[in-house]
Amino acid sequence: MTSASTAGGEHGASSDLASAVGALGWYHTINLPGGIRTPGVFDTVGAAPRALLPPRLDGMRCLDVGTSNGFWAFEMERRGAREVLTIDISGPEGADWPAFDPMARRRLGSSRDAFELARKALASQVESRILSVYDVSRAELGGFDLIFAGTILLHLRDPVRALTALRDGADGELVLNESVSLPLTALQPTTPAARLIGTGGANWWVPNVAGLRRMVEAAGFEVVDTTRPYILRWGTAPRPRWGRSPTGAPIRGTMRNLGRALAGIPHAGLRATPRSD
């Protein structure tokens, strides 16, 4: 094959991949071959340096909780993990919706097709299981050297129950990057607290940083490190419509929603190990 035909084949493959990427909705930004970056709702590529993941994971068996499009799983594989397993629910219908929430009746897209496209494009060996975080157990999945969860507790009615399930499979570190409340962190920096949403989508608890620590401690972990709050910035995909009431009417005039519209979502990173006592 000539160099010209080789280049043409590579260009055609890249064009086909770009077309396939453009036909799907993306939650994560992911760097794919051919200089293609998925148009995610959130800039996960930019968030990776803040995520408290070790720079190298050589020889480790890792779990990515609530993987969505798989950015964090592929990132752990890129950093040398021996094995990466992902879990997620089958689609939005399996989410923790509030009772009678109108969002639960809408037709919402699944992240599975985008995950599979990215896995194929990256020639990834990441394995995937359809499983709720509440059902994680050592008997079901075995033990893990590192468990990562990114922006998952926000979407759970019972985040401590979920963390307790993860504790059962934790042989090493738990790494979280979770949504946090800046006002509660500033007003009550040492007192665990959380804002309850419970309307307008599958969003529940937004703790301050002290509250995030307490959730993890209550589940049987010892916190070894936390970051200061940082902004998980928007990607290039259309942004979600925030601040909807149970009837769908907008909640107007809040600085919180204004800040989200301009920048992104406040997060904090946390590292913990399972308590042995």
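Leaving aside its neighbours within four places in sequence, which residues is glutamate 140 in contact with? In this predicted model, the residues are Arg129, Leu131 and Asp135. Glutamate 140 belongs to helix α5, which covers residues 138-141. Its relative accessibility is 39%, and because buried means under 20% and exposed over 50%, glutamate 140 counts as partly exposed. Glycine 169 is 29 residues away from glutamate 140 in sequence, while their C-alpha atoms are 9.1 Å apart in space.

## The protein as a whole

The protein contains nine helices and twelve strands. It has 277 residues, and 46% of them are buried. Its accessible surface is about 13600 Å², and carbon and sulfur atoms account for 54% of that surface. Contacts between residues at least 6 apart in sequence may also be examined: 69% of these join residues at least 24 apart.

## Nonpolar cores

In soluble globular proteins, nonpolar side chains tend to be buried together. The largest nonpolar core of this protein has 34 residues, of which Trp72, Met76, Leu146 and Phe148 touch the most other members. At least two residues of this core come from each of α1 (3-22), α3 (71-78), α4 and β6 (144-150). The greatest contribution is that of α3, which gives five residues.

Leucine 146 illustrates how one residue meets many others. Not counting residues up to four places away in sequence, leucine 146 touches Leu53, Pro54, Leu57, Met60, Arg61, Cys62, Leu63, Met76, Glu173 and Val175. Another core, of 33 residues, lies apart from the largest one and includes Leu63, Leu141, Leu176 and Ala268.

## Helices α4 and α8

An α-helix has 3.6 residues a turn, so residues three or four places apart point the same way. Helix α4 spans residues 112-121, and its buried residues include Arg112, Ala114, Phe115, Leu117, Ala118 and Arg119. Alanine 123 follows α4 and has a positive phi, near 50°.

In α8, the buried residues are Val209, Ala210, Gly211, Leu212, Met215 and Val216. Against which elements do the buried residues of α8 pack? They pack against α6 (159-168), β7, α7 (182-187), β9, β10 (221-226) and β12 (264-274). After α8 comes glycine 220, with a positive phi near 100°.

## The cavity

Rolling a probe the size of a water molecule over the atoms shows where empty space is left. The structure holds one cavity of 30 Å³ or more, and the largest cavity encloses about 40 Å³ of space. Its lining is formed by Leu153, Leu154, Glu178, Ser179, Trp205, Pro207, Leu212 and Met215. Two or more lining residues are given by each of β7 (170-179), β9 (205-207) and α8 (209-218). By type, the lining of the largest cavity comprises six nonpolar residues, one polar residue and one charged residue. Leu212 and Met215 thus appear in this lining and also among the buried residues of α8.

## Residues in loops

Phenylalanine 100 is placed in the loop between β4 and α4, and aspartate 101 lies in the loop between β4 (83-88) and α4. Are phenylalanine 100 and aspartate 101 buried or exposed? Phenylalanine 100 has a relative accessible area of 76%, and because this is over 50%, it is exposed. Aspartate 101 has a relative accessible area of 5%, and because this is under 20%, it is buried. Leaving aside neighbours within four places in sequence, aspartate 101 is in contact with Thr199, Gly200 and Gly201. Phenylalanine 100 and threonine 199 are separated by 99 residues in sequence, and by 9.5 Å in space from C-alpha to C-alpha.

Most residues other than glycine have a negative phi, and most peptide bonds are trans. The table lists two loop residues that have a positive phi although they are not glycine.

| Residue | Phi | Place |
|---|---|---|
| Leucine 52 | about 65° | loop between α2 (44-47) and β3 (61-65) |
| Serine 68 | about 55° | loop between β3 and α3 |

Serine 68 has a relative accessible area of 12%, which means that it is buried, the limit being under 20%.

Terms used
Residues are numbered from 1 along each chain as its sequence is written. This is a predicted model: local features need pLDDT of at least 70, side-chain atom pairs count only at pLDDT 80 or more; totals for chains, interfaces and linings use all residues. Side-chain values use heavy atoms; hydrogens and water are left out. Buried means under 20% relative accessible area, exposed over 50%, partly exposed in between (1.4 Å probe, protein chains only). Helices (H or I, at least four residues) and strands (E, at least two) are DSSP runs, numbered from the N terminus. Contact means heavy atoms within 4.5 Å. Accessible areas come from the Shrake-Rupley method with a 1.4 Å probe; for residues, only the protein chains shown count as cover. On a 1 Å grid over the protein atoms alone, a cavity is a set of points where a 1.4 Å probe fits but cannot get out, and a pocket is an open set with protein on both sides within 12 Å along at least five of seven lines; lining residues have an atom within 4 Å of a point. Grid points are joined across faces, edges and corners, and a volume is the space filled by probe spheres set on the points. Ala, Val, Leu, Ile, Met, Phe, Trp, Tyr, Cys and Pro count as nonpolar, Asp, Glu, Lys and Arg as charged, and the others, Gly among them, as polar. A nonpolar core is a set of buried Ala, Val, Leu, Ile, Met, Phe, Trp, Tyr and Cys residues joined through side-chain atoms within 4.5 Å.
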